[in-house]
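Here are some exercises to work through with the structure open beside you. Try each task before reading its solution.

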Amino acid sequence: MQIWNIIDTGIGSADWNMAVDEALLYTFSEDDRPILRVYGWHKSLSFGRYSKPHENLDMNRLSVQKIPYARRPTGGGILIHDGDISYSIIIPRKMLKNYGIKESYHYLCQFLIKFYEKLELKAEFASDLNLNIQSSDICLAGHEAYDIIINGKKMGGNAQRYTKYTLLQHGTIPIHFDKKYFEPLFLKDSGLQYAASLRELGVTAQYKDSIHLLIESFSETFHARLSVSQLNPFQQEYAQNLLNNKYKQENWNINGKETVESK
C-alpha cells in the first residue's frame, strides 16, 4: 500500500487556490510522496491556460459585480465555481509511464466514478457513452473523452499540467451552483443547461461529509494510505510569491502572460 500525503487547504479564493496548485507542482521532487490536495472555492470563475475570457464573458459585468477569477496553470475552458469540492493530484510522471494522456485521465478519474457510486449515482465517461467529443473554450459547453456524465449531464471538469518529471491533475465535483448568478456572465453558450450538481441530482450530503467520502473513494481506488499533511514553509512561500506576482496580476488572468518564471 503506497503512502500519499493528503493536504486539505479548506475553502479559498480562486487566485490562492491556483497559486497553491502551481506551488505544489513546482516544489515536488521525483522521490517525494505523491500528494492529494482537497479544497473548496469562494464563488468565482477560473479560466484554462489558453482561454480567451474577453471573447466569452461580459468582463464589464464581472468588474461591476466584483466577481473574482483566476487563470489556471492547466488547460481546459472557462469554469464556474460555487459549491465545489476540488482535488489536486501531484505525482511523479514515472507513476504513469504506461499511460498516454487520455489513458491517464481515465485511470486517475476512477476514484471519482467510485465516489459517485457511493452516492448511488451512475457515473460514466463521455467516451463510453459515444457522446460527441468536442472541445470548447467554455468548459461545460463541450465534452472531452474523460468527462464524467450522470443522467446525461456533465459533472465538473478535470485538467492536467506536465513538467519534465511531475504531473498535476486537478478537477471539481459540483455540490451546488447558482445558475441564475453565472448565466448572465457569458456572451456565448454557458453550457449550464448541460451540467448538473449533486444538489440537483438529489444528493443532500454536506461539504465535509462529501470530502470524507471523496477521500475514502480515493484511498480504496488506489490502495493508498493517506498521511495528513499541510503546506510546508517552502511551499507556503512559493505559493505566496505566485499569488502576488502572477495570480493577482491581470496580465496573467486576462492575457495569459506570465511576469514571473516558473521553475
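## Exercise 1: a helix and its sheet

Helix α1 (residues 14–26) lies across β3 and β4, and the helix runs at about 25° to β4. Keep in mind that you are looking at a predicted model.

**Task.** Work out the strand order of the open sheet that contains β3, and find its edge strands.

**Solution.**
- Step 1. Put the three strands in order: β4-β3-β5, in an open sheet with mixed pairing.
- Step 2. Look for strands that pair on one side only; these are the edge strands β4 (69–71) and β5 (79–81).
- Step 3. Check the twist, which averages 25° from one strand to the next.
- Step 4. Zoom in on one pair: β3 (residues 44–47) and β5 are antiparallel, with three bridges. Within this pair, S46 stands opposite L79 of β5.

## Exercise 2: another three-stranded sheet

**Task.** Describe the open sheet that contains β8, then find the helix that lies across β7 and β8.

**Solution.**
- Step 1. The order is β7-β8-β9, and the pairing is antiparallel.
- Step 2. β7 and β9 (153–154) are the edge strands, each pairing on one side only.
- Step 3. Three bridges link β7 and β8 in the antiparallel sense. For E124, the bridge partner in β8 is I149.
- Step 4. The helix is α5, which runs at about 155° to β7.

## Exercise 3: inside the protein

**Task.** Which residues touch the most other members of the largest nonpolar core? Follow one of them to its contacts.

**Solution.**
- Step 1. The core has 35 residues, and those touching the most other members are I89, L112, Y116, I173 and L198.
- Step 2. Ask which elements give two or more residues to this core: they are β1 (2–12), β2 (35–41), β6 (84–92), α5 (110–118), β7 (123–125), β8 (148–150), β11 (166–174) and α7 (207–222).
- Step 3. Pick L112. Leaving aside neighbours within four places in sequence, L112 contacts Y87, I148, N158, I173 and L214.
- Step 4. Now look for a separate core: another one, of 24 residues, includes V20, W41, L168 and W252.

## Exercise 4: two loop residues

**Task.** N151 and H223 each have a positive phi. Are they buried or exposed?

**Solution.**
- Step 1. Locate N151 in the loop between β8 and β9. Its phi is near 50°, a positive value in a residue other than glycine.
- Step 2. N151 counts as exposed because its relative accessibility is 66%, and the cut-off for exposed is over 50%.
- Step 3. Locate H223 in the loop between α7 and β12 (224–229). Phi of H223 is also near 50°, and again the residue is not glycine.
- Step 4. With a relative accessible area of 55%, H223 is exposed too.

## Exercise 5: the whole chain

**Task.** Why does the radius of gyration agree with that of a compact globule?

**Solution.**
- Step 1. A compact globule of 263 residues would have a radius of gyration near 18 Å; the chain has 17 Å, so the two agree.
- Step 2. Add the outline: the C-alpha atoms fill a box of roughly 50 × 45 × 35 Å along the principal axes.
- Step 3. Count the elements: nine helices and twelve strands.
- Step 4. Turn to burial and surface. Of the 263 residues, 53% count as buried. The chain exposes about 12300 Å², with carbon and sulfur atoms supplying 47% of that area.
- Step 5. Finish with contacts: among those between residues at least 6 apart in sequence, 76% join residues at least 24 apart.

Definitions and conventions
Residues are numbered from 1 along each chain as its sequence is written. This is a predicted model: local features need pLDDT of at least 70, side-chain atom pairs count only at pLDDT 80 or more; totals for chains, interfaces and linings use all residues. Side-chain values use heavy atoms; hydrogens and water are left out. A nonpolar core is a set of buried Ala, Val, Leu, Ile, Met, Phe, Trp, Tyr and Cys residues joined through side-chain atoms within 4.5 Å. Buried means under 20% relative accessible area, exposed over 50%, partly exposed in between (1.4 Å probe, protein chains only). Helices (H or I, at least four residues) and strands (E, at least two) are DSSP runs, numbered from the N terminus. Contact means heavy atoms within 4.5 Å. Two strands pair if DSSP finds at least two bridges between them. Axes are lines fitted to C-alpha atoms, for helices over the stretch in contact, and angles run from 0 to 180 degrees between N-to-C directions. The radius of gyration is taken over C-alpha atoms; the globule rule is 2.2 Å times the number of residues to the power 0.38. Accessible areas come from the Shrake-Rupley method with a 1.4 Å probe; for residues, only the protein chains shown count as cover.
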